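User: I would like to go through the terms used for this structure and see what each one rests on. Please set each value against its cut-off.

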Amino acid sequence: MVTARYPFSAVVGHEDLRLGLLLNAVHPGIGGVLVRGEKGTAKSTIVRGLAALLPALETVRDCRFACDPHRPDPGCPDGPHASDVVTKPSSLVELPVGATEDRLVGSLDLERALTEGVRAYQPGLLAAAHRGVLYVDEVNLLHDHLVDLLLDAAAMGRAHVERDGVSVSHASSFLLVGTMNPEEGELRPQLLDRFGLTVQVNASRDVETRTEVVRRRLAYEADPAGFAQQWEKADAELAERIVAARLALPGIALPDTELRRIAAVCAAFEVDGMRADLVVARAAIAHAAWSGGDAVTSADVEVAVRLALPHRRRRDPFDEPGLDSEQLEQALRDAAEQADSPEPPDDDGPDGDGGGAPSPEPGEAPSSQEQPSGGGGGGGEQPPAKPAQQFRPRLLQVPGLGEGAPGRRSRSSSSSGRVVRSSTVDGHGVHLTATVQAAAPHQHARGRSGSGLELRAGDLRRAVREGREGNLVLFAVDASGSMAARSRMSAVTGAVLSLLRDAYQRRDKVGLITFRGRDAEVALPPTSSVDAAAVRLRRLRTGGRTPLAHGLLAARKLLAAERLRDPRRRPLLVLVTDGRATVSASQGGDALHDAMRAAALLEADGVASVVVDCENGVVRLGLPDRLALALGGTCLQLAELSAEQVAGVVRAARAA
Ligand SMILES: [Zn+2]
């Protein structure tokens, strides 16, 4: 061992995280831990510390898939096995966010394929993590196709590999630990749900705690080995306690009262599906075993609920960021009344009281009175309009092929996407089939005698991969008086919220510029926090004149700055307006003319754009169309933004 690990038992604070990890170590069926928190909170140190506590594994000698000698995987690619046993430390495998699919699931062993002419499988990280810990730092930034592979393996406890003529399946069950900084974007709901427990990690605000953290850290850095030695005994005791709790696990009783308490909390907390109940039950059992009990108590259930439920409430990403702790407390209190009532209520029992507290009516816009505020003038400011119902928007893309961060919007060349073709000049990794095909015709000429291919450097073909990137979606929203008719603004904010939700799912960065009155305002600089954008939008006040040129120039300025900061992320400007410019940006200039000039500048910058046409009324001037033309982008009616509506129109057209 080069440097000693920071001992798990030397960690100060972070009780939830430590407990969550330990419960999973006792009962891997809980399904892992998601750690949410800011940077610099020693998340990784703690996870690595845990791995060192896990009991050593007995494995079959020479099995690269860590088969358990007592229950070897019948489908093990290295099997069938002789009963030769070795013991090795439990593994901690880190999945880097930028890993390729090959790295995760394994691949054809290229060297052996080329030199010996055999198809051999080289195991990936899913094999290495079997019976150990799989750790993903910044799991929220993991590429979608890796997430899918990870979820499949986690759900089945097996990995299946079907590629390049190799077909392999092997056992892969692991304790999944992910860390994320929510400010850098949320996790896809499917992956969020897959984690058994969630813990929130913050640096302590307590002076004593902070002092102790630093004191220990300095002691560790001064003498890692000596420090580790000091804590060796404490770590060894924890490790023993894990083993003891594992042994006790099958004997832990789960009384009916507690089972009903679990069901009641999950029902009151409005979780999706039944998975939550199972995870809470397992975590409560593990906690009872960990605490040395022989039956689950209400205290065990409360601990389990606090760790397993906060991320499971059915919700819209825009409802409220963070975890619903208040709601959770209420659900626990309600459940306590139900579970502790001496007699289980009869079948026809209560439904009015306790349990499912009726949620407040989501409600439509309170009234749709049209304010005759048009006319482009008037300084009258209006309060925010309640957004109309949201919808699934059609996909708006940046044309061409980008090189931005992984996401789900526009096409991009990438090191981890699907292989689309081979090339002799560029690409990522070797394109095996193409390489073999290039070498094959020359085998006689090269005097091949054995089974291996005779390869020359010129045969090498590279895989050109294509994936999807996230973009910077910059919304420029006209909030002037001419847009302010209540029903219209409500439709506009509803549409933009829909686009924001879509941007969240596609891992875009978003920004928001609004313009009304005399000037434009950067309501939200580019960020990955779509929640923040939604909050700003809901508070958007309207009224006043229309400084359209100002809005466009502000967008241009912001995009130029952002290009320096993050040059690979391609922008998409979404301009939401009726186009009725009334404030000029130049001395004595013409408002509309200035707006068109600003649009032309954006076009010259190569910014992709979409104009959302909000013009309505009897006389339509077609200004949004003209703006789109100047921007070199497309123009869509509000109604055309909805994917369902577009599909409906296409169906209607086909039927006609
Ligand atoms: Zn094996």
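Analyst: This is a predicted model. A starting point is helix α2 (residues 43-53), which is largely enclosed by the rest of the structure because eight of its eleven residues are buried.

User: Which residues of α2 are the buried ones?

Analyst: They are K43, S44, I46, V47, G49, L50, A51 and L53. Each counts as buried because its relative accessible area is under 20%. For the protein as a whole, 47% of the 656 residues count as buried.

User: What makes the arrangement around the zinc ion tetrahedral?

Analyst: The protein donors are C63 (SG), C67 (SG), C76 (SG) and H81 (NE2), at 2.1 to 2.2 Å from the zinc ion. Donors have to lie within 2.8 Å of such a metal, and these distances satisfy that. The angles between the four donor atoms run from 103 to 115 degrees. Four donors count as tetrahedral if all angles lie between 85 and 135 degrees, so the arrangement is called tetrahedral. The ideal value for four tetrahedral donors is 109.5 degrees.

User: How are the donors of the zinc ion spaced along the chain?

Analyst: Their spacing is C-x3-C-x8-C-x4-H. C63 and H81 are 18 residues apart, and both sit in the loop between β2 (57-60) and β3 (85-88).

User: Why are C63 and H81 put in separate accessibility classes?

Analyst: C63 has 5% relative accessibility, and the limit for buried is under 20%, so C63 counts as buried. H81 has a relative accessible area of 24%. Partly exposed covers the range between 20% and 50%, so H81 is partly exposed.

User: Why are α10 and α12 called roughly parallel?

Analyst: Helix α10 (residues 256-268) packs on helix α12 (residues 298-308) at an angle of about 30 degrees, with the axes 10 Å apart. Angles under 35 degrees count as roughly parallel, and therefore the pair gets that label. The crossing is right-handed. E258, R261, I262 and V265 of α10 make the contact with S298, V301 and V305 of α12.

User: What makes α11 oblique to α12?

Analyst: α11 and α12 pack at about 130 degrees, with their axes 8 Å apart. Roughly perpendicular covers 65 to 115 degrees and roughly antiparallel needs over 145; the angle of about 130 degrees fits neither, so α11 is oblique to α12. This crossing is also right-handed. On the α11 side the contact involves V279, V280, A283, A284, H287 and A288, and on the α12 side D300, V301, V303, A304, V305 and A308.

User: Is T297, in the loop between α11 and α12, buried or partly exposed?

Analyst: T297 has a relative accessible area of 37%, which lies between the 20% and 50% limits, so T297 is partly exposed. T297 and T257 are 40 residues apart in sequence, with their C-alpha atoms 9.1 Å apart.

User: How do you know that V93 counts as buried?

Analyst: V93 lies in strand β4 (residues 92-94). Its relative accessibility is 9%, and the limit is under 20%, so V93 counts as buried. Leaving out residues up to four places away in sequence, V93 touches L125, A128, A129, V133, L134 and Y135. V93 and A128 are 35 residues apart in sequence and 6.8 Å apart in space, C-alpha to C-alpha.

Definitions and conventions: Residues are numbered from 1 along each chain as its sequence is written. This is a predicted model: local features need pLDDT of at least 70, side-chain atom pairs count only at pLDDT 80 or more; totals for chains, interfaces and linings use all residues. Side-chain values use heavy atoms; hydrogens and water are left out. Donors are N, O and S atoms within 2.8 Å of the metal (3.2 Å for Na, K and Ca); water is not among the atoms, so sites may look incomplete. Four donors count as tetrahedral if all angles lie between 85 and 135 degrees; four count as square planar and six as octahedral if opposite donors are over 155 degrees apart and all others between 65 and 115; anything else is irregular. Helices (H or I, at least four residues) and strands (E, at least two) are DSSP runs, numbered from the N terminus. Buried means under 20% relative accessible area, exposed over 50%, partly exposed in between (1.4 Å probe, protein chains only). Axes are lines fitted to C-alpha atoms, for helices over the stretch in contact, and angles run from 0 to 180 degrees between N-to-C directions. A crossing is left-handed if the near helix is turned anticlockwise from the far one by less than a right angle, and right-handed if clockwise. Contact means heavy atoms within 4.5 Å.
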